[in-house]
Amino acid sequence: MTELREELARAATMLDLGRYDEASTLLARLVSAEPGSGRAWCLFARAHLGADRFTEAVEAANRAASIEPAEEWPHRLASNALMHLGSHGEALRAAAESRRLAPAYWQTHVCVAQAALAAGQPAIAANAAAEARKLAPNEPDVHFLSGKVALARGDLEGARSHQERALALDPGHSGAMNELGRIRLRRHDTIGAIKHFINAARTTPGEHIYSRNIDVVIVRSVSRMIYIFVLVAMVLVWIPAVTRTGRIPLAAGFATLVVATLGAFVVMVTRLPREARQLARRTVLSRRVVAALAIAFGGVAAAFAAVAFVPSSALPQTLPIAIIITIVARVVATAQLRSPLGPNPPGTRTSPTQPVPPTRRR
């Protein structure tokens with residue numbers, strides 16, 4: 001028994017250090033040798049969670065719950081894994097069971113809040129978060145979760161207040177930094193959002209979701225730029241039909257539009273913090289941005305050429321084709337820009353609103 005406790009302590013240390021595969025190997029051996037150890041199965045579920053093996057995490061957590069039916073920790077672990085699997089109703093039921101077993105434990109209320117949030121029930125989430133704050137007003141994760149609930153309900157000021165409180169209690173809370181970036185995005189403060197994401201990435205280098213969020217912000221900004229570019233181009237394409245102007249004014253309008261768009265892009269890039277530019281260059285995103293802009297410019301150039309080099313009598317037939325070309329260019333450019341950036345590294349998350357990890361027990 002003493003040896004088992006020592007081995008479990010060693011596995012827990014590995015998990016705290018993020019060495020999930022090593023811990024899994026050790027715990028697989030331990031649960032095989034001691035299948036009646038609920039703690040071993042809980043730690044095994046933690047290892048699976050850390051390595052994004054969510055189905056296996058649910059199985060291990062359920063095994064722990066069957067061994068220790070009065071223990072709440074297995075249900076929190078199962079709830080977390082089920083959320084990642086998209087089984088939000090089951091996740092909420094598992095969270096509610098953990099709270100029933102340990103109503104005085106703040107983590108169970110946090111678990112209910114995040115499961116309710118994922119299930120689209122913000123009222124339940126808000127009540128659970130409020131109860132967690134009563135039990136643990138100085139716990140950073142409680143305010144972190146409360147801020148996420150407030151943001152989901154559209155309370156930007158409340159969300160900001162909670163995340164700043166979480167950072168005041170734990171200056172290294174990368175999740176709170178990430179959430180402050182999301183709040184800035186809601187307020188259309190792109191540069192402010194990126195700065196928060198950079199701080200989160202710097203604080204927790206192994207968690208790639210924060211650098212991915214920087215990519216998302218850049219994608220949104222460039223997509224918006226392409227949308228405006230194509231919209232203005234569509235208006236300019238109609239000018240020959242309405243004003244009967246010649247090719248020179250049309251070419252001048254096209255050139256002005258391209259220069260203005262490129263200028264706006266350069267300004268956006270130069271305003272990005274240096275670390276954000278470096279992160280973007282290290283991914284395929286920079287090539288996707290260049291390709292998307294080239295597609296948009298090429299499509300609009302083809303539309304302008306179609307209008308500029310046809311006789312006036314053919315304009316009524318040519319204009320719809322030119323408009324279709326610009327629309328297709330925008331759709332293809334945006335699809336190119338927003339296509340997946342490649343597989344996620346092992347052990348990373350794709351959601352920008354990760355649950356509070358259920359790593360602690362009473």
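Visitor: Which helices each supply at least two residues of the positive patch?
Guide: This is a predicted model: local features need pLDDT of at least 70, side-chain atom pairs count only at pLDDT 80 or more, and totals for chains, interfaces and linings use all residues. Residues are numbered from 1 along each chain as its sequence is written, and side-chain values use heavy atoms, without hydrogens and water. Helices are DSSP runs (H or I, at least four residues), numbered from the N terminus. At least two patch residues come from each of α13 (209-243) and α17 (315-338).

Visitor: Which residues gather in this patch of positive charge on the surface?
Guide: Patch residues have over 30% relative accessible area (Shrake-Rupley, 1.4 Å probe) and no salt bridge (Lys or Arg side-chain nitrogen within 4 Å of an Asp or Glu carboxyl oxygen). Like charges are joined within 9 Å, placed at NZ of Lys or CZ of Arg when positive. Gathered here are Arg220, Arg224, Arg330 and Arg338.

Visitor: What is the relative accessible area of Arg330?
Guide: Arg330 lies in helix α17. Buried means under 20%, exposed over 50%, and partly exposed in between. Arg330 is partly exposed, at 31%.

Visitor: How many of the 13 residues of α9 are buried?
Guide: Helix α9 spans residues 140-152. Its buried residues include Pro140, Phe144 and Leu151. The helix is largely enclosed by the rest of the structure because the buried number is 12 of the 13.

Visitor: What distance separates the C-alpha atoms of Leu262 and Leu293?
Guide: Leu262 sits in helix α14 (residues 247-271) and is partly exposed, at 38%. Leu293 is 31 residues apart from Leu262 along the chain, and their C-alpha atoms are separated by 9.1 Å.

Conventions. Patch = residues over 30% accessible without salt bridge, like charges linked within 9 Å, V, L, I, M, F, W, Y side chains within 5 Å. Buried < 20%, exposed > 50% of the residue type's maximum accessible area, 1.4 Å probe, protein only. Expected span 1.5 Å × (residues − 1).
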